[in-house]
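Reader: I am new to this structure and should like to be guided through some of its helices and salt bridges. May I put my questions one at a time?

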Amino acid sequence: MPAVVSDVGVSTPGTPSFEEFVASRGDALWRSAWLLTGDGHLAEDLVQAALAKAWPHFDRTGPGFEAYVRRVMFTTYAAWWRRRWNGERPTAELPERSAEVADLDGRRDLVAALAQLPKGQRAVVVLRWFEDLTEAQAAQTLGVSVGTVKSQSARALRSLRSLLDPKEPGDDRPA
Amino acid sequence: MTDQRDEHWLRERLAAAVPDAPSVPGRAASARDRRRRQVRRTTALTVAGAVLVVLATVVPLALRPPADEGGPTTPSPTGAQTSGAGPDLTCGRSNRGGGGGVPPDGAVAIRLCDEPGMHGAPAPTDVLTSGIARVLGSLRDLPAATVCIGGLGSRYTMLVGYPDGTVRHVGLDMSACGTVTIGRATFGRPDRPYEAFLAAIRAQRRTTAPPDAPVAAPTCPRFGGGTSPLGEPGQIVAARLCVGYGEPGSGETSVEVPADDLDALLVSWAADPHHPASKGPGCSPVTPSWELAGVNAWGDRVIVEAECGVPRYGDDEVVLDEEAQGIIDRLVLRAGFPSAASVVPGDVAWKTAEAYIDDVNFGHREAAAALWQGDPQLPADGTVLDLVLAPPGCRSLTVEPWRFAWSCRYRAASTGATTTFTMVRDARDEIWRISSVS
């Protein structure tokens, strides 16, 4: 039986449409996706893949739609990188995108360091320290135990510390 | 140097590093178009697809505990329901809402239900009949809810049943800052009742036997469905091998794992000393990845992923012995992996190269030829492209002021020789096609 996908885009007063949701929250999704992929092009691809998967559920999930899209995005990210090219991915920026960045070196360093992490650790880093989720919430999102999130967090911190900040204690990081 | 200080430093660095999002005015429309294309591809699937649909419908029903056999119930307007035959703790959409304060003492059963659309850690299917007081106690003295925007997390409804058939509903929303909804009141820290419930289920299972009903292999998890916190790989009693799962455009294939094969896999799993999972060096495209979607005797879902053919669970990875690896190889072939890879507009350029490598390696030569712009230059029939993306990966090349190409460098896993694919496209609504391989 052919599947039917209906158009979603009509909003009732007080209820945002799918377009309005994407317009208001799409950039926030993109920023998390950028941290996961380290690439603007892939980030947009990941956001659109998540939106495409989540769109049929827009009417049903109501106010929880953003959380739903984010879950789909993180699990899609995990699935994409499950198959191959573990840690190796395109590195260049699209030429039409400006590289006007105040701290380009710092950004490159961070992208390079995140790319060194296994995908699970990378997802935990974004969830815990960019999305500001608790360990329990991150565990729920990724479908793993809180203990796994704790251990992955600790390993990720250790790796990032050595990759990004090889200096000894007493450095210039904020106290 | 403390972890807390590191966390603060990392939080600031992440926030500072993320660039401004680009302006994408057609993002919503693009997502909808993409969905429609996916649906069209899905409807084109033949018998294998139909079998998966049937399994997706039948298996969840088979996994339901006996209490579900009566179908969904309808709660009273206050959220409490009564019947003459004790509480009916059926999960369903009717679980939404509910009234009253914190469920009082005297409950005889508690069940946790997944909210519709939930794809996180699945709730246990068993009904809790012991240790109930401690779970109810966890609902008292909860802090006030903290308001957050957005966030992630699972959502459950906890059903609390009483001897007279009354059922009280408690909502556990683990997303954003997390909320516990009791009647019209909202509190924080949903992890407290959730963890209390899991602890009570674990204790109950130590003194009871699993259900007698046979357990069916689960379907492949969609959108990376989570593993139950109560399951372990060594407990799997039925499983399905999902191959190439999750790769956009590659289709999905799976096969149920025969009991004898499953036993051999688990023996190998238990025999190998588990190693800390580490970042691998990448693998050849001819090494398909797979997931073992298993279920234990209690109905808890357990997902073992295999990146580049190496199975992992949590922090561990395992090297399967020769017999077990042979079983996996045989099952992968039986699952029919891979179907011809496909690329759709909107896919990034390197996916075209990936699809091409797969198509050449598995004899889908027409599909491989269709990925070329102009005359295709395919290698000789039977050639295996033993290629992995090599640093620095892909670079963009400006070929005209308004037009650019992607150049992706690969190396042969066996010899180290490099091959460069160049992809171009004429318009944004077209796929990237290969213009040269050198």
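Reader: Is helix 8 of chain B largely enclosed or open with respect to the rest of the structure?

Author: The model is a predicted one. A residue counts as buried when its relative accessible area is under 20%, and 13 of the 13 residues of helix 8 of chain B are buried. With respect to the rest of the structure, helix 8 of chain B is therefore largely enclosed.

Reader: What distance separates the end C-alpha atoms of helix 8 of chain B?

Author: Helix 8 of chain B covers residues 349-361, which makes 13 residues. At 1.5 Å a residue the expected span is 18 Å, and the computed distance between the end C-alpha atoms agrees with this, being 19 Å.

Reader: Which residue just after helix 8 of chain B takes a positive phi?

Author: The phi angle in question is about 80°. Just after helix 8 of chain B, the residue that takes this value is B:Gly363.

Reader: How are helix 7 and helix 8 of chain A oriented to each other?

Author: The axes of helix 7 (residues 135-142) and helix 8 (residues 146-164) of chain A come within 8 Å and cross at roughly 105°. Angles of 65 to 115 degrees fall into one class, so helix 7 and helix 8 of chain A are roughly perpendicular.

Reader: Which residues of helix 8 of chain A meet helix 7 of chain A?

Author: Helix 7 of chain A contributes A:Glu135, A:Ala136, A:Ala138 and A:Ala139 to the contact. The residues of this contact divide into five nonpolar, no polar and two charged. From helix 8 of chain A come A:Val146, A:Val149 and A:Lys150.

Reader: How many residues apart in sequence are the parts tied together by A:Arg70 and A:Glu131?

Author: A:Arg70 and A:Glu131 form a salt bridge, with the closest N and O atoms 2.4 Å apart. A:Arg70 lies in helix 4 of chain A and A:Glu131 in the loop between helix 6 and helix 7 of chain A, so the separation of the parts in sequence is 61 residues.

Reader: Are A:Arg70 and A:Glu131 buried or exposed?

Author: The limit for the lower class is a relative accessible area under 20%. Both A:Arg70 and A:Glu131 belong to that class: they are buried.

Reader: Is B:Asp105, which forms a salt bridge with B:Arg140, buried or exposed?

Author: In this pair the closest N and O atoms are 3.1 Å apart. B:Arg140 has 32% relative accessibility and counts as partly exposed. B:Asp105, at 55% relative accessibility, counts as exposed.

Note on methods
Residues are numbered from 1 along each chain as its sequence is written. Chains are lettered from A and ligands numbered from 1 in the order in which they are written. This is a predicted model: local features need pLDDT of at least 70, side-chain atom pairs count only at pLDDT 80 or more; totals for chains, interfaces and linings use all residues. Side-chain values use heavy atoms; hydrogens and water are left out. Helices (H or I, at least four residues) and strands (E, at least two) are DSSP runs, numbered from the N terminus. The expected span of a helix is 1.5 Å times one less than its number of residues. Buried means under 20% relative accessible area, exposed over 50%, partly exposed in between (1.4 Å probe, protein chains only). Axes are lines fitted to C-alpha atoms, for helices over the stretch in contact, and angles run from 0 to 180 degrees between N-to-C directions. Angles under 35 degrees count as roughly parallel, over 145 as roughly antiparallel, 65 to 115 as roughly perpendicular and the rest as oblique. Contact means heavy atoms within 4.5 Å. Ala, Val, Leu, Ile, Met, Phe, Trp, Tyr, Cys and Pro count as nonpolar, Asp, Glu, Lys and Arg as charged, and the others, Gly among them, as polar. A salt bridge is a side-chain nitrogen of Lys or Arg within 4 Å of a carboxyl oxygen of Asp or Glu.
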